[in-house]
Amino acid sequence: MQIFPQSWGRLIWRCAISSALTLVSVPFSAQSQAQVAFDQRAEFSLTVPAMVARRVSHSSWYVEGLGALGSSANQNFISNAGFVVTPTGVVVIDALGSPTLAERLVSEIRKVTPLPVTHVIVTHYHADHIYGLQSFKANGARIIGHRAALAYINSDTAMIRLQASRQTLAPWIDAKTQLISADEWIDAPQELVVGGVRFLLHPVGPSHTPEDLVVYLPHEKVLFAGDLVFRGRVPYVGQADSGHWIKALQTLLAFETDIIVPGHGPLSSQARQDMELTRDYLLYLREVMGQAAKNMEPFEAAYQATNWSKFEALPLFGVANRMNAYNTYLLMERQTP
Ligand SMILES: [Zn+2]
């Protein structure tokens, strides 16, 4: 983690100081709460992670989020975003986890090109990939997503999640942060051409989510894989149907890919190996939890008895594996005849 550039730090300090100055006439308890908020913001200004656009190929770049859970301290910068510079405009893949991060991404794009962001393609509608969308939308970008996300956007789950994020990710997610619908929903493979550059948009959901969409840049053999491929960390399985996910990975393995830009973690120049690691982890979860469900063995006993040595050295194993195993256990219970 690195210290954030000074100008940003100054801005945060200014916000923090101006809110501290308004404390004079408020009761002591409110004052001490505000003091805590002041201390937190001051602390965040020293800890927010740096964002640096790294080159992926001739025309594509990406920024890499932290291998961590989203928090106020990290601005929810826990996922990656990519961008491709064409002769007429910039195509962004994923919008990051807060409007502030989206603005920081645009600052990184500005270091490479003055061209406008014309399109944002959303790989899936998880909070850490979409809370920055409103910033791109406000600047005229066309947003493209998989039609299956519509159900999520209109769900209570999405609204409850956003409301919770307004607390847990404050001040970066606040009352002004909104869920943004796509301008174009697709549900079949589609080619997008911008400035003569071809992008293949390939729906592969339901797998990690119902609305998974990958973006393949054929002329540079770059695959923006969203959360279907995790490199060097345990994936977050959530409510995903891992059986479909494994099938989607088989589809991706058929692309001629030199470089994968995953939704999290460093990019991969060992595309096949990394897709296989994610696939093997999911296969293993299904095998061991499937066996436990079939034998009606309680989850806890099955979890403790499982040999995790192949995966336990991976980052986020400690926070994600147990939940992944539990979700898989429930899934396999439902799927066991
Ligand atoms: Zn993600």
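User: Why are H8 and H9 called roughly antiparallel to each other?

Analyst: Happy to walk through it; keep in mind that this is a predicted model. The axes of helix H8 (residues 242-253) and H9 cross at roughly 160 degrees. Angles over 145 degrees count as roughly antiparallel, so H8 and H9 are roughly antiparallel to each other. Their axes come within 10 Å, and the crossing is left-handed.

User: Which residues make the contact of H8 and H9?

Analyst: On the H8 side you will find Ser242, Trp245, Ile246, Leu249, Leu252 and Leu253. H9 brings Arg272, Met275, Thr278, Arg279, Leu282, Leu283, Leu285 and Arg286. Sorted by class, this contact holds 9 nonpolar, 2 polar and 3 charged residues.

User: What makes H9 and H11 oblique to each other?

Analyst: Again, start from the angle. The axes of helix H9 (residues 271-294) and helix H11 (residues 317-335) cross at roughly 55 degrees. Roughly parallel needs an angle under 35 degrees, and roughly perpendicular runs from 65 to 115. The value for H9 and H11 fits neither class, nor the one over 145, and the two helices are therefore oblique. Their axes come within 8 Å.

User: Is the crossing of H9 and H11 left-handed or right-handed, and which residues meet there?

Analyst: The crossing of H9 and H11 is right-handed. From H9, Leu285, Arg286, Met289, Gly290, Ala292 and Ala293 take part. In H11 they meet Asn324, Ala325, Thr328, Tyr329, Met332 and Glu333. By class, that gives 7 nonpolar, 3 polar and 2 charged residues. Leu285 and Arg286 of H9 also belong to the contact with H8.

User: Now the sheet: in what order do its strands come, and why are S1 and S7 said to stand at the edges?

Analyst: The sheet is open and has 7 strands, in the order S1-S2-S3-S4-S5-S6-S7, with mixed pairing. Strand S1 (54-55) and strand S7 (184-186) each have a single partner strand, so one side of each has no neighbour in the sheet.

User: How do you know that S6 and S7 pair?

Analyst: Two strands pair if there are at least two bridges between them. Strand S6 (residues 142-146) is joined to S7 by 3 bridges, so the pair meets that cut-off. S6 and S7 run parallel, and Gly145 stands opposite Trp185 in S7.

User: What does the whole protein come to in helices and strands, and how much of it counts as buried?

Analyst: There are 11 helices and 12 strands. Of the 337 residues, 42% count as buried.

Notes: Residues numbered from 1 in each chain as written. Predicted model: local features only at pLDDT ≥ 70, side-chain atom pairs only at ≥ 80, totals over all residues. Axes fitted to C-alpha atoms, helices over the stretch in contact; angles between N-to-C directions. Helix = DSSP H or I, 4+ residues; strand = E, 2+ residues; numbered from the N terminus. Left-handed = near helix turned anticlockwise from the far one by under 90°. Contact = placed C-beta atoms within 7 Å. Nonpolar A, V, L, I, M, F, W, Y, C, P; charged D, E, K, R; others polar. Buried ≥ 20, exposed ≤ 12 C-beta atoms within 10 Å, placed from the backbone.
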